[in-house]
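Colleague: I am new to this structure and would like a close look at one part of it, the place where the two protein chains meet. Please take me through that part and then say what lies by the DNA.

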There are 2 protein chains.
Amino acid sequence: MNAPGRRRGPSKGDRREQAILETARTLLASKPLADITIDDLAAGAEISRSSFYFYFDSKLAVVVALLHGLTGELLADAGPWLDGTGPDEESLRTSLAGLATLWRSHGRLLTGALAAAPGCPPIAQWRAGLREAHVSRLAARIERDRAAGLAPEGPAPAVLAGMIDDLRLATFVGAADPDEIIEDLVTVELRMLYGDLPIRRSGG
Amino acid sequence: MNAPGRRRGPSKGDRREQAILETARTLLASKPLADITIDDLAAGAEISRSSFYFYFDSKLAVVVALLHGLTGELLADAGPWLDGTGPDEESLRTSLAGLATLWRSHGRLLTGALAAAPGCPPIAQWRAGLREAHVSRLAARIERDRAAGLAPEGPAPAVLAGMIDDLRLATFVGAADPDEIIEDLVTVELRMLYGDLPIRRSGG
DNA sequence: CGAAAAAGTCGACGCCGTGTCGACTCCGGT
DNA sequence: ACCGGAGTCGACACGGCGTCGACTTTTTCG
């Protein structure tokens, strides 16, 4: 395909593709996904609307591409917490702080994408995969803790982990300032996982 | 100005209005809101598409009308729990059971409406009002409990209450069978409110 | 170099769902 | 009989989507 040694330029098309992605990022910072049209994207990349289809199948395809770029980052700071044991407040806080930082720059994209998820299989699938990645590791952590007697019995690990994942998402989506909710999330998640009631529940 | 329709009058084609509402309910049982067109609604009520606009301003207006019919029911069984004190597991369970029953019959409507909320002010407003109604009462309950020494300090009552409201919504939306999650929700909510950690947090 | 192929571009078209308008019918009241 | 408003509808304009075929530019290779 490419001549060896020299000239490995990003073809014109590659730069256009980047331009579309970049335009989408920019536009998303100013208005919700639903208000962005293919025309906008094409105009931002300085091509006609029909040329847009040479690069992407649809507006959602652009979003999916953007989303995939975030997949890695979303769990980046979560390692120490997810691989750890017991109510390790510090690593949980670090994990959530990473998420908050990410949310700061990409909140609109994520909010918009998540809003479009029902009715857009690829996005729903992306979200499902991400959820699964988080839930499975967190569920494993819960099992470990329970086996070690560090955490009380309760909902099935996968269910509890799912609830925590849902809660995070809902809280970030609704938050004005992501940083302000970190402490509350730390407290609440720890309670969900390790909280023991002052009054013993029957059959515990 | 009027929520449901614009014209005023006695009642003759008011049955048509009912027919539209009823069609919407039926259709919603079989497919998501986004897949229902004004044509469908009009056809179900046996009128032409343009006649539809005599009764409602848009598809969303129909949904809003449907939603308002549910407002009362949504908090119907929550009284004993919200007005009570302390970790009263039974009344919490009753409250959630009522919600589950409601979800059984109107889950699709609620899921669809909630999905459409961002981007549809009237729906978002309805949801916000409902959330506020729940959150304010729950927050008051939390304050009462804390003042009485029944619940540990933690996130601001309104924040914690909001998280619980969010968690309920997310859990019901994602649930295959609403009844199956009640017990887990009971456990988790009680932990969020009353859970004490085995390890004391610094600066409590 | 120059021809063919691949990459990229665009205008025009048809589709679909929305919302509006004006003309029409229907029906009860005086 | 006729009047007016409730109710109905067809036709229209609009905006966004996705496709097609023809065109231009760039790359490849003999």
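Modeller: This is a predicted model, and a good place to begin is how the two chains are related. A turn of 180° with a shift of 0.0 Å along the axis lays chain B on chain A, with an RMSD of 0.2 Å. That is the relation of a two-fold axis. Within chain B, G195(B) has the C-alpha nearest the axis, at 2.0 Å from it.

Now the contact itself. On the chain B side 29 residues take part, and they are in contact with 29 residues of chain A. Three helices of chain B each give two or more residues to the side that touches chain A: α7 (89-116), α9 (157-174) and α10 (182-194). By type, the residues on that side of chain B are 17 nonpolar, 6 polar and 6 charged. The copies meet through the same surface, because 100% of the interface residues of chain B are also interface residues in chain A.

That leaves the DNA. DNA strand C is surrounded by 16 residues, and the closest come from both chains: G13(A), S48(A) and S50(A), together with I38(B) and S58(B). In chain A, the elements that give two or more residues to the surface near this strand are α1 (12-30) and α3 (49-55). In chain B, they are α2 (38-44) and α3 (49-55). The residues of the surface near DNA strand C divide into 8 polar, 4 nonpolar and 4 charged.

Conventions: Residues numbered from 1 in each chain as written. Chains lettered and ligands numbered in written order. Predicted model: local features only at pLDDT ≥ 70, side-chain atom pairs only at ≥ 80, totals over all residues. Least-squares fit on C-alpha atoms with pLDDT ≥ 70 in both. Contact = placed C-beta atoms within 7 Å. Near = placed C-beta within 6 Å. Helix = DSSP H or I, 4+ residues; strand = E, 2+ residues; numbered from the N terminus. Nonpolar A, V, L, I, M, F, W, Y, C, P; charged D, E, K, R; others polar.
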